[in-house]
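User: Please take a close look at one part of this model, the first helix, and then set it against the rest of the chain. I would like the reasoning on exposure spelled out.

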Amino acid sequence: MNNRVSEIRIQNNKRRRRRQLRKNMTLLFLSMLLSISFSTLFFGMKAKAQDYGKKTSKEQIFSLQTSLDQDEAGIKLNFHKYYKSLAIRCGDTLWDLACKYADNAFYDTYDSFIEEVIQINHLPDETITAGQKLIIPYYDTVP
């Protein structure tokens, strides 16, 4: 009889330890999942805030949608901002690129376009060389 009571107590202790182990493992898993979620959320927002602070609102939006009125036809055209990669040829200057790609409706001056190109391409100054690749912004209607 005494032996039977000991066996029952041993079995109960085993069940209790298994339940406690299962509970501890579940808590560990949930805390790890929660920790990963918070760190991803925190560092994700931190990176977005840092990127946003470096750029102006005009440069922040990759697909800037602007409506322009056409007086002759009386219709609205939706323009979006796109980017194009160009290989610089001998004799090209940023001023030449501004004359070709800067639209007066979106840029006040050619200098503002040139400043944007310098910032996008992380150039130290306005000097470009033949063979260099540059990212150039331009506006066009929706394809």
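Analyst: A residue is called buried under 20% relative accessible area, exposed over 50%, and partly exposed in between. With that scale, M32 is partly exposed because its relative accessibility is 47%. The model is a predicted one, and every value here is computed from it.

M32 sits in helix α1, which spans residues 2–54. M32 also belongs to a nonpolar patch on the surface, together with L21, M25 and L28. The area of this patch is about 410 Å². Membership in a patch requires over 30% relative accessible area and no salt bridge, and the 47% of M32 is the value to hold against that first cut-off.

A charged patch comes next. K14, R15, R16, R17, R18, R19 and R22 form a positive patch on the surface. Of its members, K14 is placed in helix α1. K14 has a relative accessibility of 36%, so K14 is partly exposed.

Helix α1 also holds a salt bridge. Side chains of opposite charge can pair when their charged atoms come close. Here the partners are E7 and R4, with 4.0 Å from N to O. The cut-off for a salt bridge is within 4 Å, which is the limit to keep in mind when reading the distance for E7 and R4. The two residues are 3 residues apart in helix α1, so about one helical turn separates E7 from R4. Their exposure falls into two classes: E7 is partly exposed because its relative accessibility is 41%, while R4 is exposed because its value is 51%.

The whole structure contains 2 salt bridges. Besides the pair in helix α1, K81 is bridged to E116, with the closest N and O atoms 2.5 Å apart. This pair links distant parts of the chain, since K81 is in strand β2 (residues 76–87) and E116 is in helix α4, 35 residues away. K81 and E116 are both buried.

Helix α4, residues 110–120, also contains D111. D111 is partly exposed because its relative accessible area is 45%. On the surface, D111 gathers with E115, D125 and E126 in a patch of negative charge.

Past helix α4, the loop leading to β3 (133–141) contains N121. N121 has 16% relative accessibility and therefore counts as buried. Beyond its neighbours within four places in sequence, N121 is in contact with K133, L134 and I135.

The setting for these parts is a chain of 4 helices and 3 strands. Along the sequence they follow the pattern α-α-β-β-α-α-β. The chain has 143 residues, and 18% of them count as buried. Among contacts with a separation of 6 or more, 54% involve residues 24 or more positions apart. The chain exposes about 11,200 Å², and carbon and sulfur atoms supply 57% of that area.

To return to the helix in question: M32 in helix α1 is part of the nonpolar patch, K14 in helix α1 is part of the positive patch, and E7 and R4 are joined by a salt bridge.

Methods: Residues numbered from 1 in each chain as written. Predicted model: local features only at pLDDT ≥ 70, side-chain atom pairs only at ≥ 80, totals over all residues. Heavy atoms only, no water. Patch = residues over 30% accessible without salt bridge, like charges linked within 9 Å, V, L, I, M, F, W, Y side chains within 5 Å. Areas by Shrake-Rupley, 256 points an atom, 1.4 Å probe, with all protein chains shown as cover. Salt bridge = Lys/Arg side-chain N within 4 Å of Asp/Glu carboxyl O. Lys, Arg positive; Asp, Glu negative; His and termini not counted. Charge placed at Lys NZ, Arg CZ, Asp CG, Glu CD. Buried < 20%, exposed > 50% of the residue type's maximum accessible area, 1.4 Å probe, protein only. Contact = heavy atoms within 4.5 Å.
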